[in-house]
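Please find below a colleague's note on the salt bridges and a side-chain contact in the structure under review. The points are numbered for ease of reply.

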Amino acid sequence: MSAQGLRDKTPDQLRDQLVQLKKEAFNLRFQMATGEVQNPARIRQVRREVARIKTILNEKAAAAASVEA
């Protein structure tokens with residue numbers, strides 16, 4: 001998903017998606033270790049999506065903190 005699409009989501013929705021992606025990353029790492037991974041490129045995609053979501057969550061938290069201060 002694009003960064004703009006993620007920015008339109010609420011922090012709760014982003015956290016839910018983050019949990020799902022982390023589960024997928026775990027499963028992909030497990031499949032890689034056993035040699036059963038179907039799409040090795042998906043590992044990289046998931047890692048980048050996790051980083052993108054974390055970045056946007058931090059941006060939203062910083063924006064909320066600056067408004068309160």
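**Note on charged pairs and one polar contact**

1. The count comes to four salt bridges, in a model that is predicted. The criterion applied is a side-chain nitrogen of Lys or Arg within 4 Å of a carboxyl oxygen of Asp or Glu. The points below take up pairs including Glu-59 with Arg-7 and Glu-24 with Arg-42.

2. Glu-59 and Arg-7 form a salt bridge in which the closest N and O atoms are 3.2 Å apart. Glu-59 belongs to helix α3 (residues 41-68) and Arg-7 to helix α1 (residues 3-7), so this pair ties together parts that lie 52 residues apart in sequence. As to solvent exposure, Glu-59 has a relative accessible area of 36% and is partly exposed. Arg-7 is likewise partly exposed, at 36% relative accessibility.

3. A salt bridge also joins Glu-24 to Arg-42, with the closest N and O atoms 2.8 Å apart. Here too distant parts of the chain are linked: Glu-24 sits in helix α2 (residues 11-34) and Arg-42 in helix α3, at a separation of 18 residues. Glu-24 is partly exposed, its relative accessibility being 26%. For Arg-42 the relative accessible area is 21%, which again counts as partly exposed.

4. Which residue, besides Glu-24, is joined with Arg-42 in one network? The residue is Glu-49, which forms a salt bridge with Arg-42, the closest N and O atoms being 3.4 Å apart. Through salt bridges that share partners, Glu-24, Arg-42 and Glu-49 become one network.

5. Is Glu-49 buried or exposed? Its relative accessibility is 16%. Buried means under 20% relative accessible area, and Glu-49 therefore counts as buried. Arg-42, its salt-bridge partner, has a value of 21% and is classed as partly exposed.

6. A separate point concerns Thr-34, which is placed in helix α2. A polar atom of the Thr-34 side chain lies 3.1 Å from the backbone oxygen of Gln-31. Thr-34 is partly exposed, with a relative accessibility of 43%.

7. In summary, the text might present the Glu-59 and Arg-7 pair as a tie between helix α3 and helix α1, and the Glu-24 and Arg-42 pair as a link between helix α2 and helix α3. Glu-49 could then be introduced as a member of the network with Glu-24 and Arg-42.

Notes: Residues are numbered from 1 along each chain as its sequence is written. This is a predicted model: local features need pLDDT of at least 70, side-chain atom pairs count only at pLDDT 80 or more; totals for chains, interfaces and linings use all residues. Side-chain values use heavy atoms; hydrogens and water are left out. Helices (H or I, at least four residues) and strands (E, at least two) are DSSP runs, numbered from the N terminus. Buried means under 20% relative accessible area, exposed over 50%, partly exposed in between (1.4 Å probe, protein chains only). A polar contact is a pair of N or O atoms within 3.5 Å; within protein, one must be able to donate a hydrogen and the other to accept it, and residues adjacent in sequence count only if both atoms are side-chain atoms.
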